[in-house]
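The following note reviews how the strands in this structure are arranged. Please read each point with the sequence and the model at hand.

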Amino acid sequence: SDLASVKRNNSTEGRSEFQMNPDGVTITNYRLRFLIPNIYKIAVYQIAGAQQWLDSNKYDILARAPKGSSDDQLRLMLQQLLVDRFGLKFHREARDVTGYAVVLAKDGPKFMIEKKPDQPGNDDGRVGAGRGMARGHMVSSAVFAQVLSIYLERPVLDQTGIDGLFNFELRWTPDETEPQLGGAPSPGGAPSPDPAGPSLLAALQERLGLKLVKQRSQIDMFVIDHLQETPTEN
């Protein structure tokens, strides 16, 4: 049978890691608020009914799997682990929520299109995200909208009309409600946000020539009915 170790991580510092390989999974210093979306391929804002500790408690998980397991097989294994060790019970339901659409501001965009989507090349989108900063290399506007949705904890639709891949770097002063992304510090040892710096919405318009408009949409919610804070031993 598959072997798994699930432990509470009580450290106050340290990077969060989620690594899948063909014979298992190593998860370090991770909040369930971010682990559940990773395992179920949903967005953080789709989770409802969650207890407050979901945002504060961090866990280490080491799970072995049969050699040659695919990423989808590993995620299924982790889904079962959440049921077995944390007693996870949930249901899905559609809800109307207020989200955003990202659109061009009057003076936007303020970045170069590096490549059209149909141009050949092996550049795949890479994104770094931390508290008060995000950057991307060769990303589409749809991917950029997904990055914004993480910070805003709301659905963000891409309505920029941008057809191509671009690079961006964005820094802002986060407010108290901005989520901690899995517990990881800013990538690359980035400095702490400037307390006198712009808000996310201001930085978005000043640096990139983009803005957000509110928009209602219906999304599929992952509603937690039961989840225990202390994992069982087996």
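1. The pairing of Arg31 is a convenient place to begin. In this predicted model, Arg31 stands opposite Lys58, a residue of strand β5. Strand β5 covers residues 58-64, and it pairs with β3 in the antiparallel sense over six bridges.

2. The next point concerns the surroundings of β3. Is this strand mostly covered or mostly open? Strand β3, which spans residues 24-31, is mostly covered, with six of its eight residues buried. Buried here denotes a relative accessible area under 20%.

3. Strand β3 also pairs with strand β2, residues 17-21; this pairing is antiparallel and has five bridges. A hairpin of two residues leads from β2 to β3. Within this pairing, Asn21 has Gly24 of β3 as its bridge partner.

4. As general background, strands of a sheet are held in pairs by backbone hydrogen bonds, and the pairing may be parallel or antiparallel.

5. A separate point concerns an open sheet of four strands. Their order is β4-β11-β6-β9, and the pairing is mixed. Which strands lie at the edges? The edge strands are β4 (47-48) and β9 (156-158), each of which pairs on one side only.

6. Within this open sheet, the contact between β6 and β9 deserves attention. Strand β6, residues 89-104, runs parallel to β9, and three bridges join them. One residue pair can be located directly: Ala101 has Leu157 in β9 as its bridge partner.

Methods: Residues are numbered from 1 along each chain as its sequence is written. This is a predicted model: local features need pLDDT of at least 70, side-chain atom pairs count only at pLDDT 80 or more; totals for chains, interfaces and linings use all residues. Side-chain values use heavy atoms; hydrogens and water are left out. Buried means under 20% relative accessible area, exposed over 50%, partly exposed in between (1.4 Å probe, protein chains only). Two strands pair if DSSP finds at least two bridges between them.
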